[in-house]
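What follows is a short walk through one model, starting from a single strand and moving to what lies on either side of that strand.

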Amino acid sequence: MVYCCRFCYFLNISFNLTIPAPLKNAIDWASRPPNVWADKGAAIISAGGDFGSGRAQYHLRQVGVFLNLHFINKPEFFLNAFQPPEKFDSDGNLIDEQSKERLKKVLLSLQAFTLRLKGK
């Protein structure tokens, strides 16, 4: 599935201030020859509390360097899910309008960056 896509985005949470082991394992498996991450644009969306997800995001960027995965630099998206106002409804849907607008900017930036990478 990743092999066919033009870009990737990662929804990341912090686990002991780094990326969760299942995510790292999936990334490692997909990097085996052929490295499906190579030359793809990517963005990271972090949600959690405090800034642990930010540290995890920076670690994921370091992993991406080795894989030749190109992350957008701006805008960054760190969502403190526990700070008022409510960010999610009881079904887990994002309901905070400001966060939705920030997320939209990330995805539009990723789209434009991916087109630049592909020379379009």
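In this predicted model, strand S1 has two faces: Cys8, Phe10 and Asn12 lie on the covered one, while Phe7, Tyr9 and Leu11 lie on the uncovered one. The strand spans residues 7-12, with Phe7 in it. S1 pairs with S2 in the parallel sense, over six bridges. One of the residues involved is Phe7, whose bridge partner in S2 is Gly41.

Take the uncovered face next. Phe7 has a relative accessible area of 35% and is therefore partly exposed, since that class runs between 20% and 50%. Together with Tyr9 and Leu107, Phe7 makes a nonpolar surface patch of about 290 Å². A patch member needs over 30% relative accessible area, and the 35% of Phe7 is therefore enough on that count.

The covered face leads inward. Nonpolar side chains tend to be buried together in soluble globular proteins. Here the largest nonpolar core has 15 residues, and those touching the most other members are Phe10, Ile27, Trp37, Leu60, Leu69 and Phe71. At least two residues of this core come from each of S1, helix H1 (21-30), strand S2 (41-48) and helix H2 (52-67). H2 gives the largest share, four residues.

Phe71 shows how these pieces meet. Leaving out residues up to four places away in sequence, Phe71 touches Phe10, Ala42, Ala43, Ile44, Leu60, Arg61, Gly64 and Phe113. Another core, of nine residues, lies apart from the largest one; Ile45, Ala47, Ile72 and Phe77 are among its members.

Definitions and conventions: Residues are numbered from 1 along each chain as its sequence is written. This is a predicted model: local features need pLDDT of at least 70, side-chain atom pairs count only at pLDDT 80 or more; totals for chains, interfaces and linings use all residues. Side-chain values use heavy atoms; hydrogens and water are left out. Patches are made of residues with over 30% relative accessible area and no salt bridge: like charges are joined within 9 Å, nonpolar side chains (Val, Leu, Ile, Met, Phe, Trp, Tyr) within 5 Å. Accessible areas come from the Shrake-Rupley method with a 1.4 Å probe; for residues, only the protein chains shown count as cover. A salt bridge is a side-chain nitrogen of Lys or Arg within 4 Å of a carboxyl oxygen of Asp or Glu. Buried means under 20% relative accessible area, exposed over 50%, partly exposed in between (1.4 Å probe, protein chains only). A nonpolar core is a set of buried Ala, Val, Leu, Ile, Met, Phe, Trp, Tyr and Cys residues joined through side-chain atoms within 4.5 Å. Contact means heavy atoms within 4.5 Å. Two strands pair if DSSP finds at least two bridges between them.
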